[in-house]
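User: I'd like to understand the labels used for this model and the cut-offs behind them. Could we go through them one at a time?

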Amino acid sequence: MDEQTEQQTPATGAAGRTLRDGRRAVLRRGTGRDAIAAKRLARHEDEAQFALIAVLATIDGRPVLMEDVIDMDLADLALLQDALSEVTSSGPSSGKARAGG
């Protein structure tokens, strides 16, 4: 991936990705309320990740529907899943700090 494809905004913790068609997707850090909203959107457990992406993402500044996420090209979906992992992680050093105790 080039520098344009991946970018994190340190102040907000949002993760941005450039999709294959040039559109810009940004996933913001979520809250428990976002997790509840995503759970309500998902009709089946296997849709949970798609729903959470839809709740947290904008593409070119516009909200995203879960159906839009489900219909995405797999390469773009992989970028959004990577961004989701980034915004839901507690940070690179926190896991090491907790590992011993």
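**Labels and the values behind them**

User: Why does E67 count as partly exposed?

Analyst: E67 has a relative accessibility of 37%. Buried means under 20% relative accessible area, exposed means over 50%, and partly exposed is what falls in between, with a 1.4 Å probe and protein chains only. The value for E67 falls in between, so partly exposed is the label. Before we go on: this is a predicted model, in which local features need pLDDT of at least 70 and side-chain atom pairs count only at pLDDT 80 or more, while totals for chains, interfaces and linings use all residues. Residues are numbered from 1 along each chain as its sequence is written, and side-chain values use heavy atoms, with hydrogens and water left out.

User: What makes R43 and E67 a salt bridge?

Analyst: The label needs a side-chain nitrogen of Lys or Arg within 4 Å of a carboxyl oxygen of Asp or Glu. For R43 and E67 the N to O distance is 3.6 Å, so the pair qualifies. R43 sits in the loop between α1 and α2 and E67 in helix α3, which means that the pair ties together parts 24 residues apart in sequence. (Helices are DSSP runs of H or I with at least four residues, strands are runs of E with at least two, and both are numbered from the N terminus.) R43 itself counts as exposed, because its relative accessibility is 54%.

User: How do you know that D82 forms a salt bridge with R17?

Analyst: Their closest N and O atoms are 2.7 Å apart, inside the salt-bridge limit. This pair links distant parts of the chain, with D82 in helix α4 and R17 in strand β2, 65 residues apart. R17 is buried at 0% relative accessibility, whereas D82 is partly exposed at 33%. R17 and D82 also belong to a salt-bridge network with E86. The whole structure holds seven salt bridges; another of them joins R23 to D21 at 2.8 Å.

User: Why is strand β2 called largely enclosed?

Analyst: Strand β2 covers residues 14–18, and four of its five residues are buried, so the rest of the structure largely encloses it.

User: What makes β2 and β3 a pair?

Analyst: Two strands pair if DSSP finds at least two bridges between them. Four bridges join β2 to β3, so the condition is met. The two strands run antiparallel, and A15 stands opposite L27 in β3. Their hairpin has five residues between the strands, where G22 adopts a positive phi near 95 degrees.

User: And what is noted about the phi of D60?

Analyst: The phi of D60 is near 50 degrees, which is positive in a residue other than glycine. D60 belongs to the loop between β4 and β5 and is partly exposed at 41% relative accessibility.

User: Why does E47 count as buried?

Analyst: E47 has 11% relative accessibility, so buried is the right label. Though E47 lies in the loop between α1 and α2, beyond its neighbours within four places in sequence it contacts A42, M66 and I70. Contact here means heavy atoms within 4.5 Å.

User: What makes a group of residues a nonpolar core, and which members of the largest one touch the most others?

Analyst: The set must consist of buried Ala, Val, Leu, Ile, Met, Phe, Trp, Tyr and Cys residues joined through side-chain atoms within 4.5 Å. The largest such core has 23 residues, and L19, L27, I53 and L80 touch the most other members. Helix α4 gives the most, six residues. Setting aside neighbours within four places in sequence, I53 contacts L27, V69, L77, L80, Q81 and L84. As background, nonpolar side chains tend to be buried together in soluble globular proteins.

User: How confident is the predictor, going by pLDDT?

Analyst: pLDDT is the predictor's confidence in each residue, from 0 to 100. The protein averages 84, and 78% of the residues score at least 70. Both residues 1–5 and residues 93–101 have pLDDT below 50. Beyond near neighbours in sequence, the stretch 1–5 has nine contacts in the model, while 93–101 has zero.
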